[in-house]
Amino acid sequence: MDSYMIRLSSPFTYNHKCYLFANQKLSRHFTSFNFRLQSRKNSNSDAKEFDESAFEAERLRLDAKARESMAQISKTMTETTAEAEADPKAWKWVIRKRIWDLMEAQNIAQNPRPVHHRIPNFVGASSAAKKLSELEAFVMANCVKVNPDSPQKQVRFLTLSDGKKLLTPQPRLRTGFFSILESSMLTPSTINEACTSVGVAKYGRPIGLDEKIKVDVIVIGSVAVDPTTGARLGKGEGFAELEYGMLRYMGAIDDSTLVVTSVHDCQIVDDIPVEKLLVHDVPVDIICTPTQVIFTNRTIPKPQGIYWDKLSPEKLGQIRILRELKSRIEQETGQKLPCGPSEKLPPNAQRRRRRS
């Protein structure tokens, strides 16, 4: 249930040239628009008005369900010696739990709480976002991909308010793929809402795998990061890796694309064993905290694509865009792609099934 990435059965071609964009002041005016006509890829005159309440209720329900499942896995990995020894990713859960516990105990955590099994929101997230926005790479960027989690909300706001394109995924890739938002799509009164999951669904323009786009900076959420190597741990679902792999497939990013994370200083660690990381784990180039900016001594190679042999049938079944991508590659190459091992069910679910 940790990171699930994809390997393409055919090679990519990447341009490793570092692109620079003119550092020009962008207009910050926002023009009005009718989101019911522009925000939906397949919208038409018969389209129903976006139901914000229903969307948010379903998002919260699925988030709670996912966190419950992760909590069961975490408990198994950190409390059951036999399970921990059998799973090569168990050590990650030990570090995650330590950080989550520390942030709650010292009241560094911010809502939504508790921060366990989330990309944790933290005191000073806006200060970290400000430092991130002052990076030369961010200032020069035309398009920034930002994760949809709470501690990066201010990064999304600063991206839009600076006139840049914001590329962000729907949470857990459940309802689609990526959406693009631009200041021209928004008004001053809607820009803040556009930085939320509901706002992305409401105002964003959904894109597909054929979209021609160049992402200049990737902003990624983290639970723990190691500045000496660039090693990073997320919350354990692997969506950052999936998103990275699909952007590689689209040609939107390459090895030169900077990966930046914003975290609290207490999330900086020195005990992530590089030798135990997997090929699909995404390292970071720059760490921004409320007090400092760290350019990591990254020694870990970035993933080169999507690793189908790490992707379980269960995860594939949850994400429509992955099934579409798999089918496309198999049709293009005439070869059936490999499939990863089945995911373990949470212990309680296994016991219920055996009794039935």
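How many bridges join strand S2 (residues 165-169) to S3, and in which sense do the two strands run, parallel or antiparallel? In this predicted model, S2 and S3 are joined by 4 bridges and run antiparallel. One pair can be picked out by name: Pro169 has Phe178 of S3 as its bridge partner. A useful reminder here is that strands of a sheet pair through backbone hydrogen bonds, either parallel or antiparallel.

This pairing belongs to a wider arrangement. S2 and S3 are part of an open sheet of 8 strands with mixed pairing, in the order S4-S3-S2-S1-S5-S8-S9-S10. The edges are taken by strand S4 (205-206) and strand S10 (293-295); each has a single partner strand, so one side of each is left without a neighbour in the sheet. S4 meets S3 through 2 bridges, and these two strands run antiparallel. Within that pair, Ser179 is matched with Pro206 of S4. On the other side of S2, the pairing with S1 is parallel and extends over 3 bridges. Here Lys145 finds its bridge partner in Leu167 of S2.

The strands can also be followed by what covers them. S1 (143-146) is covered on both faces, with Cys143 and Lys145 buried on one side and Val144 and Val146 buried on the other. S3 (178-181) is likewise covered on both faces: Phe178 and Ile180 are buried on one side, and Ser179 and Leu181 on the other. Phe178 and Ser179 thus appear twice in this account, as buried residues of S3 and as the bridge partners of Pro169 and Pro206, respectively.

Helix H7 (residues 153-161) lies across S1, S2, S3 and strand S5 (217-220), and runs at about 150° to S2. Its buried residues are Val155, Arg156, Leu158, Thr159, Leu160 and Ser161. These residues pack against the four strands S1, S2, S3 and S5, and also against helix H5 (125-133) and helix H6 (136-140). After H7 comes Gly163, which has a positive phi, near 80°.

Ser161, one of the buried residues of H7, also provides a link to the loop that follows S3. Pro188 sits in this loop, between S3 and helix H8 (197-203). The C-alpha atoms of Pro188 and Ser161 are 9.2 Å apart, although the two residues are separated by 27 positions in sequence. Unlike Ser161, which is buried, Pro188 has a relative accessible area of 61% and is therefore exposed.

A further contact brings two helices together. The axes of helix H9 (residues 239-250) and helix H11 (residues 320-333) come within 12 Å and cross at roughly 35°, in a left-handed crossing. On the H9 side, the contact is made by Leu242, Met246 and Tyr249, while H11 contributes Ile321, Leu322, Leu325, Arg328, Ile329 and Glu332. By character, these residues divide into 7 nonpolar and 2 charged, with no polar ones.

Taken as a whole, the protein chain has 12 helices and 10 strands. Of its 356 residues, 52% count as buried. Among contacts with a separation of 6 or more, 72% come from residues 24 or more positions apart. The accessible surface of the chain comes to about 16700 Å², and carbon and sulfur atoms account for 50% of that area.

Methods:
Residues are numbered from 1 along each chain as its sequence is written. This is a predicted model: local features need pLDDT of at least 70, side-chain atom pairs count only at pLDDT 80 or more; totals for chains, interfaces and linings use all residues. Side-chain values use heavy atoms; hydrogens and water are left out. Buried means under 20% relative accessible area, exposed over 50%, partly exposed in between (1.4 Å probe, protein chains only). Contact means heavy atoms within 4.5 Å. Accessible areas come from the Shrake-Rupley method with a 1.4 Å probe; for residues, only the protein chains shown count as cover. Axes are lines fitted to C-alpha atoms, for helices over the stretch in contact, and angles run from 0 to 180 degrees between N-to-C directions. A crossing is left-handed if the near helix is turned anticlockwise from the far one by less than a right angle, and right-handed if clockwise. Ala, Val, Leu, Ile, Met, Phe, Trp, Tyr, Cys and Pro count as nonpolar, Asp, Glu, Lys and Arg as charged, and the others, Gly among them, as polar. Two strands pair if DSSP finds at least two bridges between them.
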